[in-house]
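Got your viewer open? Load the model below and follow along, one selection at a time.

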Amino acid sequence: MAVITCIEDLKRIHKRRAPKMFYDYAESGSYTEQTFRENSSDFAQIRLRQKVAVDMSGRSTATEMISQKVTMPVALAPVGLTGMQCADGEIKAARAAEAFGVPFTLSTMSICSIEDVATHTKAPFWFQLYVMRDEDFVDAIIERAKKAGCSALVLTLDLQILGQRHKDLKNGLSAPPKFTLPVLLDLATKWRWGLEMLGTPRRSFGNIVGHAKGVGDTSSLMSWTAEQFDPQLDWNKIARIREKWGGKLILKGILDAEDARMAADFGADAIIVSNHGGRQLDGALSAIRILPEIVAAVGDRIEIHMDSGIRSGQDVLKALALGAKSTFIGRAFIYGLGAMGQEGVKRALEVIHKELDITMALCGERDVKDLGRHNVLLPEGFTGQYK
Ligand code: FNR
């Protein structure tokens, strides 16, 4: 088996093993992909401050996210169609997260259902909600998440309308895939994926099929989702959802200090500074570049998490140094899953953990909670460049 030393290794194997349509689905940003690219290139602009001759024994990456203990401040982000990258993908990723001691977030648009994941795991997971027009569906799915023991609701605010990803249209993305000639030719080289898929009944949107009115089969599902995301989502509707849920609430997709203030005034438990991994507003700033401004605005009032662009433990350290209490990874764990299932997600977490731990030591820090602005060097104007 190949020696895995970094997330890039997992990405290469993922590309080889998963059908092109699903690899491309993960590895795309919207429109020109400027924001998708800058999520990574902006991390690369930040430099770390080396410190020597400090005791680096007894290091710890353990901390808390919304008062839940975590082995390291890295949760698995909600990713739609995870169970198409690899059979039973959500269950496998949730199990890897549980074993590692970090939270797993299940997407509304998952293949394995809430009930499926709850049955196959012990640790409570988090549920990510997309707000649909159909209030009955929303209320019912909130009840299902409660019943499954989910310990936080992650409410995504930046995808009420879909940013276009060119490749998804060109590839005819669907779950399960339609067997056109290009798809069949591609699948002929992805036999391992195909065999595993044949062995599972979970091949369409498990949270939706059989639960939403007018969705009996998957062929109507793509049009259902396009029509169903509620374009009227506003703070009043968010308040209604908070009331229905009644538990810990994390607002995902904040990329502006003014919106962050509103989230803090609203009294959410945490926000995720995120541009959806560059998949929505192309031309938006990278999440890491806007993070310090948001921390300055509300860091003393609300817990701040961030995602978008994290591919290493060094990136996690940079986000924490700029004021995030914690981070989420999307593609970094999806590459692992697409490459080698549950074992691959475990490897992705191990890679990031080790990088974080060693980099912390080289920065002269022993506790992840002590990381701060003093650990990084920013190029002139990194945060204030765009007014
Ligand atoms: C996502 N993301 C996402 N977010 C969400 O709230 N619900 C979802 O269903 C999805 N689906 C989804 C699919 C794929 C393929 C990707 C790559 C991302 C966004 C995700 O939660 C997270 O914000 C980003 O993935 C973070 O960026 P990185 O870590 O992928 O760079």
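Which atom of Gly80 lies 2.9 Å from a nitrogen atom of the ligand: one in the backbone or one in the side chain? Select Gly80 and the ligand to check: the atom is a backbone N or O. Keep in mind that this is a predicted model.

Stay with the ligand and add Tyr130, where a polar side-chain atom sits 2.9 Å from a ligand nitrogen. Next, pick Arg331: an N or O atom of its side chain is 2.9 Å from an oxygen atom of the ligand. Now try a surface view, since the ligand on its own exposes 600 Å², and the protein buries 99% of that. To see the surroundings, show the 22 residues around the ligand; the closest are Pro78, Ser107, Thr156, Asp307 and Gly309.

On to the strands. Select residues 326–329, which form strand β11. In a regular strand, side chains alternate between the two faces of the sheet. Turn β11 and look at each side: Ser326 and Phe328 are on one, Thr327 and Ile329 on the other, and all four are buried.

Now bring in the neighbours of β11. Strand β4, residues 74–76, runs parallel to β11 and is joined to it by three bridges. For one of the pairings, click Leu76 and find its bridge partner Ile329. Then select strand β10, residues 303–306, which also pairs with β11 in the parallel sense, over two bridges. Here, His305 has Ser326 as its bridge partner.

Last stop: add helix α15, residues 313–321, and trace the path from β10 through the helix to β11, a right-handed β-α-β unit.

Notes. Residues numbered from 1 in each chain as written. Predicted model: local features only at pLDDT ≥ 70, side-chain atom pairs only at ≥ 80, totals over all residues. Heavy atoms only, no water. Buried < 20%, exposed > 50% of the residue type's maximum accessible area, 1.4 Å probe, protein only. Pairing = 2+ DSSP bridges. Right-handed = clockwise from strand over helix to strand, strands pointing away. Near = heavy atom within 4 Å. Polar contact = N/O pair within 3.5 Å; in protein donor to acceptor, adjacent residues only side chain to side chain. Areas by Shrake-Rupley, 256 points an atom, 1.4 Å probe, with all protein chains shown as cover.
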